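Here is a short report on pockets. Look at the open spaces first, then at the residues around them.

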Amino acid sequence: MKIYADLPGRRLVQILADLGLLAWIALWAWVGRRVHDVTMALAEPGRQLQGAGAGFREKLTAAGDGVDDLPLLDDRIAGPFRSAAGAGTDIEKAGTDLIRAVERLALLIGWTTALVPILIVAIWWALARGRFVRRASAAQRFIDADDDLDLFALRAMANQPMAALAKVSSDPSGAWRRGDRDTIRALALLELKDSGLRPPRPA
């Protein structure tokens with residue numbers, strides 16, 4: 001499988017594209033993390049509510065325990081304190097629920113912020129790289145010797161722009177039919193360059 005081009009310039013561009021993709025992923029992973037952290041700041045009121053509810057419950061429970069030992073009163077005073085402590089539990093639970101909701105929102109926004117731009121560029125990169133790998137790998141199997149250039153010359157006449165063909169010869173198809181090796185090689189070079197491959201050395 002041909003992953004990188006033989007031609008130094010194109011291979012350098014491919015390597016830079018790979019490094020650019022890694023840098024892009026790292027950048028948006030960092031941005032997504034920052035968005036997550038900023039969103040988590042919205043959980044601060046929930047933490048305060050949670051702490052206030054826990055403190056309220058503990059104080060009323062302690063007050064109920066304190067009056068529980070008074071003679072003759074039994075639970076007549078301690079009971080209301082302990083019942084009121086339940087309100088602190090409800091407040092604490094509301095704070096906990098708020099924190100959990102903010103955590104889910106922060107995860108959703110953070111991942112979405114990171115993944116959307118990463119996937120857009122990664123899909124484009126994968127398609128471009130996959131196209132090159134398929135084309136170069138297939139072409140590599142046919143480029144064993146100078147005689148194989150006929151196939152690439154034919155492909156060049158079918159695929160290359162007319163202006164590029166005109167620079168090679170005023171009659172490229174005629175030159176190919178006559179077996180003009182110089183013209184065939186020049187045409188093949190056009191197609192091989194698009195595939196990122198070096199031509200075989202002349203026999």
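The report below covers two pockets, their linings and the helices behind them.

## Model

The model is predicted. Residue numbers start from 1 along the chain.

## Largest pocket

The largest pocket has a volume of about 220 Å³. Its lining includes Arg-10, Val-13, Gln-14 and Ala-17. Trp-124, Trp-125, Ala-128, Arg-129, Arg-131 and Phe-132 also line the largest pocket.

Two helices, H1 (8–40) and H3 (78–140), each supply at least two residues of this lining. H3 provides the largest share, 6 residues. By class, the lining of the largest pocket holds 6 nonpolar, 1 polar and 3 charged residues. Gln-14 is the polar one. The charged residues are Arg-10, Arg-129 and Arg-131.

## Second largest pocket

The second largest pocket encloses about 170 Å³ of space. Ala-29, Gly-32, Arg-33 and His-36 are among its lining residues. So are Leu-107, Gly-110, Trp-111, Ala-114, Leu-115 and Ile-118.

Which elements give two or more residues to this lining? They are H1 and H3. H3 gives the most, with 6 residues. The lining of the second largest pocket divides into 6 nonpolar, 3 polar and 1 charged. Arg-33 is the charged residue. Gly-32, His-36 and Gly-110 make up the polar group, because Gly counts as polar here.

## Both linings

H1 and H3 each supply at least two residues to the largest pocket. H1 and H3 also give two or more to the second largest pocket. H3 contributes 6 residues to the largest pocket and 6 residues to the second largest pocket.

Technical notes. This is a predicted model: local features need pLDDT of at least 70, side-chain atom pairs count only at pLDDT 80 or more; totals for chains, interfaces and linings use all residues. Side-chain values use heavy atoms; hydrogens and water are left out. On a 1 Å grid over the protein atoms alone, a cavity is a set of points where a 1.4 Å probe fits but cannot get out, and a pocket is an open set with protein on both sides within 12 Å along at least five of seven lines; lining residues have an atom within 4 Å of a point. Grid points are joined across faces, edges and corners, and a volume is the space filled by probe spheres set on the points. Helices (H or I, at least four residues) and strands (E, at least two) are DSSP runs, numbered from the N terminus.
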